[in-house]
Number of protein chains: 2
Amino acid sequence: MVVATAPVPANHHRDPDEQEYAVPSPTQSTNRTANRVARAERILDAAGDLLVSWGYAKITVEDVARRAGVGKGTVYLHFPTKEALFLVVLLRAQTAMIERTLEVLRQGPEGIWPSTLARTTALALHESPIIATVMKGRTETLGTFARAAAEYSTELVERRRTTAQTYFDVLRDHGLIRTDRPLGDQMYAYSSILTGFLVAEPLLGEQPASTPPSVEHHADVLADTIRATLGESDADDTLHVAWPKVTALFEDLARDARAEIDRYTHATRDT
Amino acid sequence: MVVATAPVPANHHRDPDEQEYAVPSPTQSTNRTANRVARAERILDAAGDLLVSWGYAKITVEDVARRAGVGKGTVYLHFPTKEALFLVVLLRAQTAMIERTLEVLRQGPEGIWPSTLARTTALALHESPIIATVMKGRTETLGTFARAAAEYSTELVERRRTTAQTYFDVLRDHGLIRTDRPLGDQMYAYSSILTGFLVAEPLLGEQPASTPPSVEHHADVLADTIRATLGESDADDTLHVAWPKVTALFEDLARDARAEIDRYTHATRDT
DNA sequence: TCCGTGACCGGATTCGAAATCTGGTCACGG
DNA sequence: CCGTGACCAGATTTCGAATCCGGTCACGGA
């Protein structure tokens with residue numbers, strides 16, 4: 001028998017008893033749908049974990065099922081296809097990020113500053129390997145899935161763009177950012193800057209070991225850049241006026257994102 | 001016979017008579033080394049053209065020779081190896097960019113503003129497909145060559161970093177940019193912003209067809225961002241003092257870059 | 001009755017040995 | 001003495017065989 005020379009990290013052996021998410025004993029009483037949801041979540045967690053460590057191509061639906069502690073067929077009771085499953089994994093991570101933004105927004109009106117938004121995004125990216133995977137190694141861990149993911153979620157991307165535009169519109173209307181530049185330019189600048197800080201993160205030759213981990217620090221520099229570029233300022237204390245509008249905007253987005261997830265969940269949908 | 005289904009663009013047939021750079025008649029009188037240099041340049045041009053349209057992997061040394069209108073062995077009289085040849089192609093493009101920066105620098109002291117520098121870089125990138133190739137599709141057109149390129153030119157990269165640091169140091173010393181932020185942060189911000197604008201260029205859903213080609217416009221937005229972030233200002237007219245220093249800095253860099261090219265040229269070097 | 005399961009199917013992917021290609025050399029010709 | 005292209009060996013591609021895995025479905029247990 002030839003030993004497989006797969007480039008799988010040594011610490012990721014495919015033992016059946018690797019199950020991180022063991023089935024929580026056969027509770028026979030509790031609500032049916034509750035169990036169902038919990039199981040779906042276990043499958044998604046398993047899929048997410050495997051995605052960041054193995055990459056889409058190497059993952060078998062059976063791997064996911066095994067790790068989730070369910071049968072292979074069960075996966076297909078929840079998701080119509082492997083693609084749909086991982087699409088939901090991605091959507092879920094994205095939604096989590098939107099909701100994280102919402103949390104910050106709800107904490108106080110300062111959350112609506114673009115600099116704060118960017119800062120939150122940068123920090124979230126360093127904690128959520130899934131999102132980081134999506135934004136960076138496009139063709140690395142996602143492989144053939146990248147195209148499918150891009151196609152399926154076209155409308156959500158467009159939805160995000162619209163939200164962003166309205167967001168900047170609100171900020172401009174309330175004099176919270178400079179209006180001597182076209183809105184399109186500001187959006188372009190914002191996304192470019194964010195992209196740059198996200199992808200350039202690990203680059204740049206090793207600095208002298210003065211700054212220890214500096215993830216937060218880099219996020220601060222990013223926030224500074226955004227602030228300087230957009231010229232954030234709250235002359236008339238309109239921050240409190242814009243606050244609920246922006247919050248509502250993102251709540252809408254979050255709702256739509258959640259709805260999008262449902263579209264690809266339960267395989268038991270008619271067609 | 002099976003027709004090759006290679007993904008080579010249809011307009012790039014490998015006819016031997018495709019030679020764009022025909023040998024300019026057998027001039028037998030003029031200086032020897034002049035001919036030699038001209039030939040080396042033809043080879044480099046051919047290699048560069050092929051690189052951007054075919055990618056490193058698909059190019060044959062014979063392809064390059066054919067297009068340059070020389071024999072295959074001749075290529076090896078000028079460059080010790082295929083890698084060295086393409087390394088010089090890259091170094092040459094990079095040097096061209098440095099020299100383009102120098103041109104702008106020599107035109108007037110305004111050239112030393114980081115915003116101008118970034119603007120020039122962005123514009124140059126859109127005209128030099130080679131550099132654009134290097135900065136963007138790292139693993140696309142460069143393929144296996146990417147690693148080699150990175151390794152060989154480690155010192156030049158470090159050299160660039162040092163130059164950049166000194167550059168920002170000079171600007172700070174003369175009060176041309178804000179000094180209330182650490183130098184490291186400013187360098188980090190500068191490179192991140194630049195990277196972001198360069199890679200995010202083609203992204204962002206189609207805007208309403210208001211702005212026609214907008215390459216220049218995008219470069220302007222980039223310049224604006226840099227300016228706002230670094231807080232460029234010339235309170236004491238020290239711009240003229242810093243000018244020669246910065247120019248000298250980049251002239252040194254250009255000289256070193258040219259020297260680096262020579263290191264990999266003429267195959268007739270001892271070892 | 002209904003949910004979960006895993007054996008099973010066929011298309012897709014991988015593997016590997018044979019065939020082809022290509023980077024680099026070198027003897028020769030101009 | 002410079003340039004050339006036939007030539008060599010190692011690397012890469014090809015292509016059919018073997019394997020794998022996404023998706024289905026008949027069955028068994030609750």
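Which residue of chain B comes closest to the rotation axis? I will start there. This is a predicted model, and in it Gly196(B) has that place, with its C-alpha 1.7 Å from the axis.

Now the axis itself. Turn chain B by 180°, with 0.0 Å of shift along the axis, and chain B superposes on chain A with an RMSD of 0.1 Å. That is how a two-fold axis relates two copies. Next, how the copies meet. Of the interface residues of chain B, 100% are also interface residues in chain A, so both copies use the same surface to meet each other.

On to the DNA, strand C. There are 15 residues around DNA strand C. Among the closest, Arg39(A) and Thr74(A) come from chain A, while Val61(B), Lys72(B) and Lys82(B) come from chain B. By class, this surface has 5 nonpolar, 5 polar and 5 charged residues.

Which helices supply at least two residues each? They are H1 (32-54) and H3 (72-78) of chain A, and H3 (72-78) of chain B. The largest share, 4 residues, comes from H3(A).

What part of the DNA faces the protein? Take the atoms of DNA strand C within 4 Å of the protein: 62% belong to sugar or phosphate, and the rest to bases.

Last, three contacts with phosphate oxygens of DNA strand C, all from chain B. Lys82(B) has a backbone N or O atom 2.7 Å from a phosphate oxygen. For Ile59(B), again with a backbone N or O atom, the distance is 3.2 Å. Tyr76(B) uses its side chain instead, with an N or O atom 3.1 Å from a phosphate oxygen.

Technical notes:
Residues numbered from 1 in each chain as written. Chains lettered and ligands numbered in written order. Predicted model: local features only at pLDDT ≥ 70, side-chain atom pairs only at ≥ 80, totals over all residues. Heavy atoms only, no water. Least-squares fit on C-alpha atoms with pLDDT ≥ 70 in both. Contact = heavy atoms within 4.5 Å. Near = heavy atom within 4 Å. Polar contact = N/O pair within 3.5 Å; in protein donor to acceptor, adjacent residues only side chain to side chain. Nonpolar A, V, L, I, M, F, W, Y, C, P; charged D, E, K, R; others polar.
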